[in-house]
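Thanks for making time this morning. I would like to walk you through one structure, piece by piece, and I will give the cut-offs as the terms come up.

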Amino acid sequence: MRKSSLLVVSIAVTGALTLSACGSRGEKKAGDDAAAGTVVTIGVDAPLTGPLSALGLGIQHSVELAAKVANDNKEVPGVTFKVKALDDKKSPQEGQQNATALVADKSVLGVVGPLNSGVAQSMQQVFEAASLAEVSPANTNPALTQGEKFDTEKKRQFKSYFRTATTDAIQGPFAAQYAYNDLSKKKAYLIDDKKTYGVGLVAAFQKEFTKLGGTVAGSDHIDENNLDFSAVVTKAKAAGADIIYYGGEYPQSGPLTDQLKKAGVTVPVMGGDGMYDPEYINKANKNADGDLATSVGAPVESLDSAKKFVADYAAAKYADPYAAYGGYSYDAAWAIVQGVKAVVAANSGKVPDGARAKVVDALSKVSFDGVTGKVAFDEYGDAVNKQLTVYVVKNGAWTVAKSGTYSG
Amino acid sequence: MHQLPQQLANGLILGALYGLIAIGYTMVYGIVQLINFAHGEIFMTGGFGALTTYLVLPSGTSLWLALPLMLLGGVLVAVLIAVAAERFAYRPLRGAPKLAPLITAIGLSIALQQVVEQFYPGAKSGRSFPQLPGGPYVFGPVTLQPADFYLFIAAPLCMGALAAFVGKTRTGRGMQATAQDPDTAKLMGINTDRIIVIAFALGAAFAAVASIGWGLRYGQVAPTMGFLAGLKAFTAAVLGGIGNIYGAMLGGLVLGVAEAMATAYIQEIPGMHQLGGGSWANVWAFVLLIVVLLVRPQGLLGERVADRA
């Protein structure tokens, strides 16, 4: 009897431990609303703790900067912007709870986030039901805007969902073209992390790569919680590919690269925007030279429109760098500011009743020159800016290899 | 099949890591019948202790020189935390129903993880761990890293030392006696409180040794690293027969090899392509556990503790 009860207890405990990993977290207080006029809150949902926090904190601070600039310039007369940032710990469940919390806060007229496509899936419906605008600076999965059959029959999924980032339907093929045409790589080994983003990105890459004439030497998936990739590494090495394409994010791809290179794999590892972060190079323990990543948009530092953002961000002295999505987050927040501005202007300077739905309508008409270039949304809610850049690791730092727009 | 030797090596190294952690679960269970779910976090603090030791050493110290000191620092931190946990969290509950210390262990596990995440600088996204120089070393079809040698040497060494300690010394025999019957052992003049503290301390020391192996092999330590590693080690302990120290090591090795083999070869079986690969390794590991427990409920090497329930 006792042995079977031990098994039952251990199963119960395993379950309890798993559940405990998703406990709730205290919200940040919106602060004292002493400022004059109506307070409009811009919600932020991103991973603010955990391995992806470098990206998430960059999103939060960039939105805070946008709110500060809007307040300082009196961009919308009579309206003071506040930011309410919630932590989703890259978990869809947390994201959905945060979405519900943001919907419940009546002062929230728009939300910037989330970072992860998988989290976005769980939030879209909540925001749609409340007609609350959501602008993601980082989601790249095409299905979020265009539906599961995005390559045959595109269909707008949610009226309230927009994004300033380009999709993987463009990013994957762009990477494939660069690998095949510019690097003359013919044989790819594909690895993903089984999450919405990684699987979609690898599928888009594979489709274009084989269409160009490349072959797939093999494919595998990793478990994001497990840092021992030795078995996968051995398979990839035995497959004899000349490039390894990874769909996922840097907390896994860094150690994966480290283990690949230590095992004697000499071919480059290529990935998407989830890999484009200095932390990738850190986690790869100096083994990342020659590796590549595509990221959405032109390099923020190279655009004239971005210089003011970079200077303002430095002047505001935030504790964390703006990271890969800072520019997009600023633009996303600014789009919400512009949406609110249009709504308030149409209602003779006051925030109207049912402002949320009106902000959603206004967002689809927004158009301005932002940090990352022209910011506007097409009929699916996607960014009209289709710029992408390939970065390569040289001497332990990401450098621009090629920037361009993808066309079919 | 040309990957087989390398995959076996991968599995054995991973298994040695699991086995070293599993010893802590099995010793504590053998003596106080407590599943110490905070053990995964004790393992994690050992890694951070070693990292801290490395960071306070003058920069540029050769890792070969630093390694013994890191071992010392890591073991010290892990043992202190484990002994404190035993003294202040578990001992007051010794007479309580079994579920009370179990829930305490889970609470302690979450608390330790959060404390390290909040207060260790830069721990949120994981800290990179110093790497041994040299390598990779190629032996025919097998490529090994310096860190792999560390585990290959540390695991048998620890295991041998533990076996000698438990079998040959007075304290070790005291442990066996306490495991068999704590009340009688007490009557025979054995200080059972001391024996229990030693069991916790030894388990923590082994976990710290494993933790340094983890850091060297995977290049980083993170506050969350103890969760899955602890769960796997616990699985290894149950697989080998909980309460049995040899079983813990054997269970770890079997589990590690099973994971490597599942990743490498399940995909090759016709019709199983969707169920293979790295993301399914955990599933196959637990399938193995269930099958073993169905066929042999006492685990591979059986349970040596007397049944008192």
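Strand β11 (residues 367–370) of chain A and strand β12 (residues 373–376) of chain A run antiparallel and are joined by 4 bridges, where strands and helices are DSSP runs numbered from the N terminus (E, at least two residues, for strands; H or I, at least four residues, for helices), and two strands are said to pair if DSSP finds at least two bridges between them. The connection from β11(A) to β12(A) is a hairpin through 2 residues, and across this pair D369(A) stands opposite K374(A) in β12(A).

Before going further, I should say that this is a predicted model, in which local features need pLDDT of at least 70 and side-chain atom pairs count only at pLDDT 80 or more, while totals for chains, interfaces and linings use all residues. Residues are numbered from 1 along each chain as its sequence is written, and chains are lettered from A and ligands numbered from 1 in the order in which they are written.

On confidence, the pLDDT, which is the predictor's confidence in each residue, from 0 to 100, averages 88 for chain A, with 91% of the residues at 70 or above. Residues 19–35 of chain A, however, have pLDDT below 50, and this stretch makes 17 contacts in the model beyond near neighbours in sequence; a contact here is a pair of residues whose C-beta atoms, placed from the backbone, lie within 7 Å.

Let me turn to the strands of chain A that pair in parallel. What pairs with strand β6 (residues 187–192) of chain A over 5 bridges? The partner is β8(A), in the parallel sense, and within that pairing Y189(A) has I244(A) of β8(A) as its bridge partner. On β8(A) itself, residues 243–247, 5 of 5 residues are buried, meaning that 20 or more other C-beta atoms lie within 10 Å of a residue's own, again placed from the backbone, with exposed standing for 12 or fewer and partly exposed for anything in between. In a regular strand the side chains alternate between the two faces of the sheet. In β8(A), I243(A), Y245(A) and G247(A) point one way while I244(A) and Y246(A) point the other, and all are buried.

From β8(A) we can step to strand β9 (residues 269–271) of chain A, which runs parallel to β8(A) and is joined to it by 3 bridges; here Y246(A) has G271(A) as its bridge partner. β9(A) in turn pairs with β10(A), again in the parallel sense, over 2 bridges, and G271(A) has A293(A) in β10(A) as its bridge partner. Are the residues of β10(A), 292–296, mostly covered or mostly uncovered? They are mostly covered, since 5 of 5 are buried, with L292(A), T294(A) and V296(A) on one side and A293(A) and S295(A) on the other.

Stepping back to the whole of chain A, there are 13 helices and 14 strands. Its radius of gyration, taken over C-alpha atoms, is 22 Å, close to the 22 Å from the globule rule (2.2 Å times the number of residues to the power 0.38) for 408 residues, so chain A is as compact as a globular protein of that length. Of those 408 residues, 58% count as buried.

Chain A is divided into domain 1 (38–166 + 301–377) and domain 2 (168–296 + 388–405), with bounds that come from an automatic or database domain assignment. Their centres, taken over C-alpha atoms, are separated by 28 Å, and 18 residues of domain 1 are in contact with 17 residues of domain 2. On the domain 1 side, α2 (53–72) and α4 (117–129) of chain A each supply at least two residues.

Chain B has 11 helices and 4 strands, and its radius of gyration of 19 Å is close to the 19 Å that the globule rule gives for 309 residues, so chain B too is as compact as a globular protein of its length. Buried residues make up 53% of chain B.

Finally, the contact between the chains takes 39 residues from chain B and 40 residues from chain A. Several helices of chain B each supply at least two residues to the side that touches chain A, among them α1 (4–32) and α10 (245–265). By class, that side of chain B has 17 nonpolar, 19 polar and 3 charged residues, where Ala, Val, Leu, Ile, Met, Phe, Trp, Tyr, Cys and Pro count as nonpolar, Asp, Glu, Lys and Arg as charged, and the others, Gly among them, as polar.

Definitions and conventions:
Contact = placed C-beta atoms within 7 Å.
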